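Subject: The structure, and some notes on it

Hi,

Here is the structure I promised to pass on. Have a look at it first, and then read on for what turned up.

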Amino acid sequence: MDLKKAITKKVHQLKKHQFLFEELVKRDFKQKYKRTVLGMAWSVISPVLHFLVMKIVFTGFFGRDMPHYSTYLFAGNVMYSFFRESTTGGMNSLMLNKHIFTKINVPKYLFLLSRNVSSIINFGLTLIVFFVFCIFDGITFTWKFIFLLYPCVMLMLFNIGLGLILSALYVFFRDIQYLYDIFTMLLMYMSAIYYSVDAYASYIQPAFLINPVYCVIKYVREIVINGTIPSLGLHGLILFYTLLALGAGALIYKKKNHAFLYYV
């Protein structure tokens, strides 16, 4: 019942500040492509170029005997790029808007959500390109593709939760941005984006499931490449990571909401 009241309250706050939220989204989107010749086209061009570079570099090492390696590589790159863009942008959301919430009493999570909207739009456009690549790679589209909604939605919510945590930490500890750069680089290598986990011993492979991003990538690959619906265990693990991030983020914001004003 308390959870229902909390959700209802947040929805009411969003409606109350709908105009501000829409203006924040427009501003963030315009700033991202300000003074660029191709503008929004970079949302598609950037991940595609990144994918092509990785394909050229790693195909000879890891993709010789792997069927649909292009799709395998692109799936990992798409999901990881969305995670990194969303959480990195979310980390700076409070500090970039301190001139607003120090003068006006507004829910501070609005700034994080507005930053995530542009990341979600970019992610959607990249997914379209990904599906086009799947066609050229000979992937058969089945009804099971509808299950891709699950990891995509869960990753969106996970990014918001982790963004809440990072943006709060960044207010108090500016060093977090440098630590997070190192962390995301390490996470990229641990997410099996361009190599297969099957190359490792069977007792080591479960250790990859500690990584929430890898869990999402694994889910997408099983649906798209293998045509199989992942196990209930993988569903539950992804849900656990998402709820953990959202719960921790919401708790930090609730406890440190007023403290932000004294540190920005």
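Helices α8 and α9 pack at an angle of about 140°, and their axes lie 9 Å apart. That angle makes α8 oblique to α9, because it does not exceed the 145 degrees needed to count as roughly antiparallel. On the α8 side you will find L162, L166, L169 and Y170, which meet I176, Q177 and Y180 of α9. Sorted by class, this contact has six nonpolar residues, one polar residue and no charged ones. Do keep in mind that you are looking at a predicted model.

α9 also packs against α4, and here the angle is about 170° with 12 Å between the axes. α4 is therefore roughly antiparallel to α9, since the cut-off for that label is over 145 degrees. From α4, the contact draws on Y80, F83, R84, T87, T88 and M91. α9 answers with I176, Q177, Y180, D181, T184, M185, L187 and M188. The mix of classes in the α4 and α9 contact is eight nonpolar, four polar and two charged residues.

Now for the chain overall. It has 12 helices and zero strands, so if you like to trace a fold by eye, the pattern along the sequence is simply α-α-α-α-α-α-α-α-α-α-α-α. The chain has 264 residues, and 44% of them count as buried. Take the contacts between residues at least 6 apart in sequence: 76% of these join residues at least 24 apart. The accessible surface is about 14,600 Å², with 69% of it belonging to carbon and sulfur atoms.

What sits in the middle of the largest nonpolar core, in the sense of touching the most other members? The core has 67 residues, and the ones with the most such partners are M79, F83, F130 and V224. Helices that each supply at least two residues to this core are α4 (69–91), α5 (93–96), α7 (109–136), α8 (149–172), α9 (176–190), α10 (212–224) and α11 (232–256). The biggest giver is α8, with 12 residues. As background, nonpolar side chains tend to be buried together in soluble globular proteins.

V224 is a good place to zoom in. Apart from neighbours within four places in sequence, V224 is in contact with T71, F130, C134, I139, F145 and L148. One of those partners, T71, is in helix α4. T71 counts as buried because its relative accessibility is 2%, under the 20% cut-off. Residues up to four places away aside, T71 touches F130, C134, D137, I139, V224 and I225.

Two residues in helix α7 are worth a look side by side: F123 and I120. Which of the two is buried and which is partly exposed? F123 counts as buried at 4% relative accessibility, whereas I120 is partly exposed with a relative accessible area of 29%. Leaving out neighbours within four places, F123 is in contact with V78, M79, F82, C152 and M156. With the same kind of neighbours left out, I120 touches F82 and M156. Both residues also bring distant parts of the sequence into view. F123 and C152 are 29 residues apart along the chain, and their C-alpha atoms are separated by 9.4 Å. For I120 and M156 the separation is 36 residues in sequence and 7.5 Å in space, C-alpha to C-alpha.

Finally, a pair of backbone details. Most residues other than glycine have a negative phi. H68 has a positive value instead, with phi near 55°. H68 is in the loop between α3 (42–62) and α4, and counts as partly exposed at 27% relative accessibility. A192 has a positive phi too, near 50°. A192 lies in the loop between α9 and α10, and is buried with a relative accessible area of 0%.

That covers what I have for now. Happy browsing!

Best wishes

Notes: Residues are numbered from 1 along each chain as its sequence is written. This is a predicted model: local features need pLDDT of at least 70, side-chain atom pairs count only at pLDDT 80 or more; totals for chains, interfaces and linings use all residues. Side-chain values use heavy atoms; hydrogens and water are left out. Helices (H or I, at least four residues) and strands (E, at least two) are DSSP runs, numbered from the N terminus. Buried means under 20% relative accessible area, exposed over 50%, partly exposed in between (1.4 Å probe, protein chains only). Contact means heavy atoms within 4.5 Å. Accessible areas come from the Shrake-Rupley method with a 1.4 Å probe; for residues, only the protein chains shown count as cover. A nonpolar core is a set of buried Ala, Val, Leu, Ile, Met, Phe, Trp, Tyr and Cys residues joined through side-chain atoms within 4.5 Å. Axes are lines fitted to C-alpha atoms, for helices over the stretch in contact, and angles run from 0 to 180 degrees between N-to-C directions. Angles under 35 degrees count as roughly parallel, over 145 as roughly antiparallel, 65 to 115 as roughly perpendicular and the rest as oblique. Ala, Val, Leu, Ile, Met, Phe, Trp, Tyr, Cys and Pro count as nonpolar, Asp, Glu, Lys and Arg as charged, and the others, Gly among them, as polar.
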